[in-house]
Amino acid sequence: MSALTLTFLAWWVPRGWRADAVVGTDSVPAVVAAEEEVEWLGRVAQGDESALQRIFDKWKLPLLSFFYRALGSHADAEDLTLEVFVRLHRAAGDYVPTAKFSTYLFHIAQNLVHNERRRRRRKPAQPAPPEIFEAIASGAAGEARRAAELEEVLQLALQRLPEKSRTALLLLQQQHMDYTAAAATLRMSENALRVLVHRARQLLKTEMEAQS
Amino acid sequence: MNASRPTPPNDDEISALLARRYRDTTADFEARWVALKRELRQAPPQRAGFRWPAWAGHFVLSGAVTALVIAFALGTREPPRVAGTAEISPALAELFTLEAALGRAGALLDAENRDALLHLPVRPQPRS
C-alpha cells in the first residue's frame, strides 16, 4: 500500500461519506430553531390526531400549489398532497429535526413528483378550477383574461423545464423558501442553486415567449 | 404571432404567476382527507426503534477501510526468510541429509516389500 493511496484515503474518507458534504456546510444551519411542526410531529408519533390536522391545515395549500405546478394535474396534486401526509404520519416516530421542517416536507414532495413523472411519461394536463387560485388580476375584464391566458402558457412552459429547475423555481418563488432551505431540499450548494435558478428563469421566459 | 396567443409576459408577470397559490381546497379533497385520517387512526405511527448514531456509519466504514489497508499490506508483504541450514542442530541436519538420500527410495518399494520390511524384527534372529 503506497503512501499516496493512504494519503488519498485520509483525504477522501471524511468528505465522501458525509451526507451534508454535497449541500455544503455553509448552507446547513448548525442549530435548527424549534418549529411548531416539530412539536406537532412529535405529538403525531404519540397518536395525537389533532396535531396531524394542524400540520395538514398549515401545509395543504402550499403542497397542492407545488404539486399542481410541478405536474399540471389538479387530480394528481390532490393525490400526492394526501400521500405526503400518509408519509409524514408513518415517519413521525423517526423524525429527527436536522433541517427546517419545510425542507423535510418538500424533500418528500419532490421525491413524490419525481416518482410520479417517472411513472407516467405523458399525461394530459388537468387544469385546476380557476376559482381555486389566488387572484392576480385587479378585476378588470382585460386583466383577468390576460391572467387566464398567461396561466395556461406558464403551466405548459413549466412542464418543459428540467425537473430540478422547475422545483427550484417553485421552492423559491412559490413557496418563498430562502436559498439555504431550498438548496438543502435539492441537495445542492447555494451557489449552484443560484446559477440553476437564473438559467431556469431564462428558460421559462423563452418557453413562454415561444408559446405566445 | 398567433392572434389567439397572448403577448409575451414580462418578468413581473412571470413572478406573479409563479408565486400564485391555491387559495382553497375542494370539498372532495377535504372529504378524502377525513377518510384518510380515519384509516391512519387504525394504523398508528411506527414507534422509533433503536437508531444507530450518525457517527456509527463513519466508524464502521473507517474500520472497513483500515481492515482493507491492513489486509492489502499483509498480502503484498514478502514472506519471512527461512533460517539457513547452518543454524540447524547437527542431529537435525543429519536427519535432513538422510531424508534427502532415502526419501525418494520409498516410492520404489511395492506394498508387499514395504510390509515385510516393516515387520522385520529389530534384532536379527539366530539361524537354527
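Trainee: Okay, how much surface does chain B expose?

Mentor: Chain B exposes about 10800 Å², and carbon and sulfur atoms supply 61% of that. Keep in mind that this is a predicted model.

Trainee: And how much of chain B counts as buried?

Mentor: Chain B has 128 residues, and 14% of them count as buried.

Trainee: What's the secondary structure of chain B?

Mentor: Five helices and zero strands. Going from the N terminus, the elements read α-α-α-α-α.

Trainee: Switching to the interface: how many residues of chain B are in contact with chain A?

Mentor: 45 residues of chain B, and they meet 63 residues of chain A. Together the two chains bury about 5400 Å², with 61% of it on carbon and sulfur atoms.

Trainee: Which three residues of chain B give the most to that?

Mentor: Arg20(B), Arg21(B) and Tyr22(B). They supply 19% of the area that chain B buries against chain A, more than any other three residues.

Trainee: How many salt bridges cross over?

Mentor: The rule finds seven salt bridges between chain B and chain A. Asp11(B) forms one with Arg201(A), where the closest N and O atoms are 3.7 Å apart.

Trainee: Which helices of chain B supply residues to that side?

Mentor: α1 (11–19), α2 (27–42) and α3 (54–76) of chain B each supply at least two residues of the side touching chain A. The one giving the most is α2(B), with nine residues.

Trainee: And what's that side made of, by class?

Mentor: On the side of chain B that touches chain A, you'll find 22 nonpolar, nine polar and 14 charged residues.

Technical notes: Residues numbered from 1 in each chain as written. Chains lettered and ligands numbered in written order. Predicted model: local features only at pLDDT ≥ 70, side-chain atom pairs only at ≥ 80, totals over all residues. Heavy atoms only, no water. Contact = heavy atoms within 4.5 Å. Buried area = accessible area lost by both parts, 1.4 Å probe. Salt bridge = Lys/Arg side-chain N within 4 Å of Asp/Glu carboxyl O. Helix = DSSP H or I, 4+ residues; strand = E, 2+ residues; numbered from the N terminus. Nonpolar A, V, L, I, M, F, W, Y, C, P; charged D, E, K, R; others polar. Buried < 20%, exposed > 50% of the residue type's maximum accessible area, 1.4 Å probe, protein only. Areas by Shrake-Rupley, 256 points an atom, 1.4 Å probe, with all protein chains shown as cover.
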